[in-house]
Amino acid sequence: MSILLTGGAGYIGSHTAVSMLQAGIDVVLADNFVNSSPKVLARIEAITGVRPTLIEADLCDREAVRAIFRAHEISGVVHFAGLKAVGESVAQPLRYYRNNLDSALTVLEVMREFGRTQFVFSSSATVYGDQPAPLTESAQTGGCSNPYGWTKFMIEEILKSAAAAGPQLSVVLLRYFNPVGAHESGLIGENPNGTPNNLMPYITQVAVGRREKLTVFGDDYDTPDGSGVRDYIHVCDLAEGHLAALRYAESHTGCEVFNLGTGRGSSVFEMVRTFGEVNGVDVPYVIGPRRAGDLAAVYADPAKAQQVLGWTAKRSLADMCRDAWNFQRRNPNGYE
């Protein structure tokens, strides 16, 4: 039996594939390569010694998803697939709603056809909207500040309803905070197509000379240094959280939600400073206007994941900066 990782060639999917393969779990990756590269497959094999199956597919295409389930003994799904850039979602809301909702619904419906019941969802802290941090899982959801966040909220609501209607279903909602870093080997890391929408890959691309300078979007937030504060979590810690969630889903039914974060907020300026100190690389920056949909401070209370899943984030901000730079330095043009 295999676990289907939708969006499995992407940043978080590829690191989760490594964690699962190293734990002896067979995985099948499905991706349409909108924001990923098939070249990651050889990198996963180099790290793990196992070359998983990688299928190019649009997860909104019901027949394509059925074909995956017919060809492979899929026991459960970790659903990463989806468009994820906050600013882009504000500019292209219909594209985000159509793609993210359709892909989740299609995978869930095909799972039901094939009698599969384990579903781990890649959700986001954006579902909390603008609330005081630290955020616990019991905090109210909704009030999202952008269409991307609303798609995550809507899919969570769909999953809660599906679990209530089908008592055999096991759903785990993982609310990510801000994944950064890369595998310590430097073989896989964050490799966005086009202009990065997230802070760390923009920092590393400036550091490696691909971009002239970083734009810090706003220095007048109500935070200690005026820049936005986020809960940055190492992608390998996040990947290990999915492994813990999958094991939980194997022995529990219903719907459960967990924050995956460190519980500590770090500002944009702190990240830039730490990156420079750890790696000895200057990152020039300018101050720009705030981006639509951005919030001042978002960080987790991760106590529930520690208590229930036995999971905790272990890697530091310095580790995140070091590993991200190691990947970018070794791969100045990404997987190309």
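This passage walks through a pocket, a helix, a small sheet and the cavities of a predicted model. Local features need pLDDT of at least 70 and side-chain atom pairs count only at pLDDT 80 or more, whereas totals for chains, interfaces and linings use all residues. Residues are numbered from 1 along each chain as its sequence is written, and side-chain values use heavy atoms, with hydrogens and water left out.

A good place to begin is the second largest pocket, which has a volume of about 300 Å³. Its lining comprises 13 residues, and the closest to the centre are Leu 108, Glu 109, Arg 112, Ala 162 and Leu 169. (On a 1 Å grid over the protein atoms alone, a pocket is an open set of points with protein on both sides within 12 Å along at least five of seven lines, a cavity is a set where a 1.4 Å probe fits but cannot get out, and lining residues have an atom within 4 Å of a point; a volume is the space filled by probe spheres set on the points, which are joined across faces, edges and corners.) Helices α5 (93-113) and α6 (147-165) each supply at least two lining residues, and α5 gives the most, with 5. Here helices (H or I, at least four residues) and strands (E, at least two) are DSSP runs, numbered from the N terminus.

Helix α6 deserves a closer look. With 19 residues at 1.5 Å a residue, α6 should span 27 Å, and its end C-alpha atoms are indeed 27 Å apart; the expected span is 1.5 Å times one less than the number of residues. Among the buried residues of α6 are Tyr 148, Phe 153, Ile 155 and Leu 159, where buried means under 20% relative accessible area (1.4 Å probe, protein chains only).

Next comes an open sheet of 3 strands, ordered β12-β9-β14 with mixed pairing. Its edge strands, β12 (266-267) and β14 (297-298), each pair on one side only; two strands pair if DSSP finds at least two bridges between them. Strand β9 (residues 229-230) runs parallel to β14, and 2 bridges join them. Val 229 has Ala 297 as its bridge partner in β14.

Finally, the whole structure holds 3 cavities of 30 Å³ or more. The largest cavity encloses about 90 Å³, and of its 13 lining residues the closest to the centre are Gly 10, Tyr 11, Asn 35, Gly 189 and Asn 191. The second largest cavity holds about 60 Å³. Tyr 11 and Gly 189 are among the residues that line the second largest cavity, to which α7 (199-207) and α11 (317-330) each give two or more.

Terms used. Buried < 20%, exposed > 50% of the residue type's maximum accessible area, 1.4 Å probe, protein only.
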